[in-house]
Every structure is written in C-alpha cells, then in structure tokens.
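Work through the exercises below with the model open. Try each task before reading its solution.

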Amino acid sequence: MDISALLTSAGINIAICAVLLSLYSILRKQPSNACVYFPRRLLSEPVKHNDPFCLERFVPSASWIMRAWQATDEEILAVGGVDAVVFMRIVVFSLRVFTIAALICIFLVLPMNYYGQNMQHKKFHAESLEIFTIGNVREGSKWLWTHCLALYVITGSACILLYFEYKSITKMRLAHITGSPPNPSHFTVLVRGIPWSPDHSYSTAVENFFSTFYPASYLSHQMVYRTGTVDKLMEDAERMYRMLKSIEPHCKEIPLPCCLCGGTTHSFKMLKNESESVKSKTSIDGLHPIHREKERPAAFVFFRTRYAAVIAAEVLQSHNPMLWVTQLAPEPHDVYWSNLSIPYKQVWLRKIATLLGSVVFMFLFLIPVTFVQGLTQLDQLSHTFPFLQGILKQKYMKQLVTGYLPSVILILFLYAVPPTMMLFSAMEGNVSRSERKKSACIKVLYFTIWNVFFVNVLSGSVISQLSVFSSVRDIPVELAKAVPTQATFFTTYVLSSGWASLSCEVMQPFPLFCNAFSKFILRVQEEPKNCALNFPHHTEIPRLLLFGLLGFTCSVLAPLILPFMLVYFFLAFLVYRNQILNVYVSKYESGGRFWPIVHNTTIFSLLLTQVIALGVFGMKKSPVASGFTIPLILLTLLFNEYCRHRFSPVFKSSPVQVLIEMDRQDEQWGRLEAIYDQLRTAYRQYPSVPQDFSVSGSTSHHVESSQDPESLKSGMIFVVLGGSFRQDQLVIGCT
C-alpha cells in the first residue's frame, strides 16, 4: 500500500465522520429524538419542547462538543459512578502516553526509517508505506539506538502514568466504599451448595447452620426460588390487574356495538362488586410468588456487621469445599437471578464448556480473517480470481480494495463477537451482572487481540498460522518479520474501526430507527421512560485496549500510525463523555474493577512491543540495541509485580480496617436498625408493583425492580400510558 491508498481510506473515513457528527448535532435538537439522545436525563429531568419552527434546530453546531469538553471528573462520577470515571481514565491515559510516543517517534524514529537506506525516493504520495517502517533500515545500522531510546521513553512514561492512575483509582474505590450510603451487599453473604436433607427444608438448614456457627452475628436470611413460566405469567397478570384497577376512574363507555355479540363495548369494564372482581376470582393479592416457588440450594444470609459478613464470605465453611460455599453478595440491582438456581456443582463444568466454546469460536473466526488478509495481497487475489485482474488494474479500485475494504469487512464480522461472548458469560453461571459483563469483557479482549493482531500478523493459510507456534523460540523472529509489513493494515483498521465506530456510537442508529418507527409509523406519541441503556463496557474497553496494543507495537516499528491513533483517542474523549452525560445509565456499580484488566493488558502490550523490538534488533544485527532491550523487559516485569502486590488486592476484596470503622460509625450514629430494616427488603427476587401506580397525570412513578437491565436493548421502546412531562428543565430544540 502506498500513501495515496492510505489517504483514500483516511478521506473516506473523515467524510463519514463529518457527515455523521453533523447529522447528530441536528438530530439531537429534535424533540422527537429526546428518548434516543437524552434517555439518562429523561429519567431525572422533565423535557421541554422548544419552538418547532426554530431554524437553528436544523443547523449543525458544536455545542455538544463544548459541553463534553467542559465536564469535570466530579460530574462524570456523579452521573456514571466509579466505572464511568475509570473508563474515561483509560482514554486520558492513552491520550497522554501516545502523545509522548508521537512526539518522539515522529520527530526521531520516522526520519531514521525513511532515510534508512541509500535509495532514490519517489514523490511523497507515491511512496510505499513500508518505507516509513523499521524494515527500511539496513542491517547493522548505527542509528538503531534511536529506536531503542524511543522504546525506553515510551515504556518509562507508560509505567509512570500507569502507577499514578492505579494509585488514583485505588483511592477512588476506597472513597466509593466509605462515602456511599450503607450498601446491603456489605452485610450480605451469598451461600450456595446448601446440602439437601429429607427432614427439613433448605431454609431451615440455613437457619440452623448460621445460628449454630455464627450466633452473635447472624441476622436473618432469604432463600432463592426457582422461577417458572407459570409464575412469570401470574406476575404479569398481577401487574395488569393493578394497572387496570388504577385507571378505573378514567374509563369511559364507548357507544359502539360489539363485533361479536352486538352489545355495547367499553374501553375497560370494571366490576364494581367485590365478589365479581378479578381479585376475588384469582386471589392475586393473596398469593405471592415466593410462597409458591420451590426452594433452591442458595440463599442470601444477612449479618449484623460488615466485618462478620467478610469473615463468613472468606473462610471455608465445611470440610467439603463443594458445600456451604460463601461469597460476598453482589448489590441488589446487580444480582443475576436466573443463575442463582444453577447447582454449584455444575458451575465448574459450565466454565470448562464455555471456555471450549470460546476457543472453538475463536478458531472458526480464522476463516473470515484469512479472507480479509487476502484482499490486502493483490497478486494473490488476482491469481485466485483471474476475472478480477481487469478491475484491480484501475488505480482507484486498487486503493479502495487494499486501503479500505479489508478493515470494513473485518469490522462487520466482529459485530457478532460481543453478543456471543456475553451469551457464553451468562452460561458460565456468574451470579452478578457486573461479573458477567467483566467475564464477557475479558473474552472479547482475548478474541480481538488474537484475531485482529496475531492472526492478521501471521497471515496466510490456517495451517501456516498454526505452524508458526510449533517452536516457541521462533515467535519473536516471526513477529519481528510480520508486524512491520502489517502496520499498514493496522493503520487503516484504526481509521475504519476507530473513527467510524465512534461516529456510529454517538449517532445510535438502531435506537434512532426504532424511535422513528414508533413515532411516525406506529404513531406512539408518549415518551418512553425505560429506554436508557447500561454502558457497554464489554465492547468498548476491549476496543480501547486493542488500539492501545496496536499503538504500542507499531510506535517504534511504524510510527505513521500514531497521528491517526491520537485523533481516535481525542474523538473518543469527546464522544464517550457525551454518551455518559446524556445516554447511558449506571444501573449497577463494580467499584472500578475493570481497571486491573486495563493495567494487565497494557503491561502485556509493553512486553509484546519489547519482545518484537528485540527480534527486530536481532534481525538488523544490532547487539547494542538488543542488549539494552533485555533489561527493559525485566524492569517492566518487576514494575508489574510491584503493582500486583500494592494495588490489586484492594480490587479483589474490601479492606477489613475500613469496614470495621464503618461499622463503628453506624453504631455511634444509631443507623444499625435502619440498615437491618433495609436488608429485609433489599434482595427481592420478584419486582413489586406499588398500589398507587398511576397511568395518568403529570408525573409517572418510577418502579424499582430487580429485572435484568441488559434486557433494555438498543432501540426497544417502552411506552408509559398517559405519561406527560413538566416543561421547565430539559430543553430540546434551539438552545
């Protein structure tokens, strides 16, 4: 690929970004799109529709960019919680480290690569991109020390920034634990693997066990019940009955004949006699689903102090490790109820099965990746498909096929990865939604690094890709040969998958389509109240970390990727801040537990960069550069080991010292009884329907439930009957 093909790809993506961002700045001003671009704010603020004929509504503006730029970390923390701040710290860290890398590599390494050999250079736009890589440096060159120096500067700056970020986020996590209101999960232990006995129920077994071994600290417990289809239908019937009962004063008779019997029809026919009512016939209020369900060998056990709960969660309860298995319970809204019914003895089998399924899916993905790499090799493509020779001789088609099409096709295939990995993570048996999302995040990360980086680097036939790893000693040499040649593909991948994906992220095309279909086809005029989504950490964090890996590995070998990388992270800074402030809702909190994944992946990226550089220096016969790279690898490993002992334990469990201090404060301030009352209703397996649920009036009630927030997929419309808004706060239109 030459510079002109790269510029063609950049021009296409710049045009796409400009059009989509301009269109977004117009669509966000339209009152009918408030539920698409301001769903988070709609949950807490009423919406005001401004003048529908204001011309400014149809003119692109950069007001959203200024709002995102001026937002502080305190605002992000208040709106999105610790996880949102941690995500933005990933973007800020990447911006800082790649700014340093770009400065030193563009002005020091790139000239050395360009003038690495005595040759006659072509015009700039006709130069091959390989001229700008380390592959253009001749063997035994005395200028390879510049590459080694750049490697030291990038590694040192990355480790220093990682240390301060890890330290800051650790303090933020501790502040989140101590500063937040009393959390029921701090007093609650999830118990699984309860032994079955024919003499008594699971509930009796739990009470007897903890009353005997934790008599001073045990408070109460709540069993987990199996949810069946019939119970879900009965629950829906209960909801519908109470909704119909609440709208009785608003029902009016419609004097139209019935199409079946010819009688008079009614919008709703409410039975006045209690004996004829739905309540008396179905006894819906007298039957609670919990009383009908069969107990499962799992329970939430409540303790009087946080310290007692931590001790009970950490110690081994029985001589059989598969019985009375305890762990700290997730937050009430974080509980993944359907997995609590899974017997604990099946969990390890499920994890093995999902691991095998993920590996098989990963290797099946070699087929589209190999096809994509074939598009970057025109000679091989023309030989395989002779009828394409005439088309590929055209200059524009050649630039399009080699510079833009491969990355676009790969991106389309990658869209199937996150839902698949989320399904695998749900099948594992995770008991919380945050753990399920964290597991999916790790799977997607491994998948993208393997398929986007390693498989593309070691491109060719599937057999040749597998044969590379037959000798471990050959891995650095093979990577050193392949990475500089594939740097051009990675550059176009950053353009296509990075810039364009951010534009699609801010546009929200699927929710926008569903909203337009609901408003203009179905003629639903009410604003949906439950259309806000949880932040997709399992898709966005792997994408950021993949681009970080590409930036580190190509920084010294092919520095031309760094300017495009900086543009991506700067655009990501604006887009994700805007989405956190306006679109996504934090329905549960992991307390920043995604950061260790970021730290470990960054360390892996640095080590991989150093190993590849070591192989390149060996191929270029530079013993000085090779000798100085080996200590750098050891220093990076020592730094990672220090961080693992210094910061990582805080993200695995809460410090007992902090919990005991919080217990003493609660006792001094007399808050224990209120906390105990909260525990009794915190972990409700079934959502409650308030008796005063109103479907008309100026204010609609927000119903808290423990239903799956992941079920609120993009574009799903939830209509609230008779809902209306005050017109005093959130203004959509000419502002």
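**Exercise 1: a strand and its partners**

In E7, Val 189 has Leu 328 as its bridge partner. The model is predicted.

Task: find which strands pair with E2, and in which sense.

Solution.
- Step 1. Take strand E7, residues 325-328. E2 and E7 run antiparallel and are joined by four bridges. The bridge between Val 189 and Leu 328 belongs to this pairing.
- Step 2. Take strand E6, residues 295-303. E2 pairs with E6 over five bridges, again in the antiparallel sense. Here Arg 192 has Ala 298 as its bridge partner.

**Exercise 2: the two faces of E2**

Task: sort the residues of E2 by the way they point, and decide whether they are buried or exposed.

Solution.
- Step 1. Thr 188, Leu 190 and Arg 192 point one way.
- Step 2. Val 189 and Val 191 point the other way.
- Step 3. All of these residues are buried. Five of the five residues of E2 (residues 188-192) are buried, so the strand is largely enclosed by the rest of the structure.

**Exercise 3: a charged residue in helix H6**

Task: establish what surrounds Arg 173 and which side chain of opposite charge is nearest.

Solution.
- Step 1. Locate Arg 173 in helix H6, residues 144-179.
- Step 2. Look for a charge partner. The nearest side chain of opposite charge is Asp 83, 7.3 Å away. A salt bridge needs a distance within 4 Å. Arg 173 has no salt bridge, yet is buried.
- Step 3. Look for polar atoms. A polar side-chain atom of Arg 173 lies 3.5 Å from the backbone oxygen of Ser 590.
- Step 4. List the contacts beyond four places in sequence. Arg 173 touches Ser 590, Gly 591, Arg 593, Val 650 and Phe 651.

Conventions: Residues are numbered from 1 along each chain as its sequence is written. This is a predicted model: local features need pLDDT of at least 70, side-chain atom pairs count only at pLDDT 80 or more; totals for chains, interfaces and linings use all residues. Side-chain values use heavy atoms; hydrogens and water are left out. Buried means under 20% relative accessible area, exposed over 50%, partly exposed in between (1.4 Å probe, protein chains only). Lys and Arg count as positive and Asp and Glu as negative; His and the chain ends are not counted. A polar contact is a pair of N or O atoms within 3.5 Å; within protein, one must be able to donate a hydrogen and the other to accept it, and residues adjacent in sequence count only if both atoms are side-chain atoms. Contact means heavy atoms within 4.5 Å. Two strands pair if DSSP finds at least two bridges between them.
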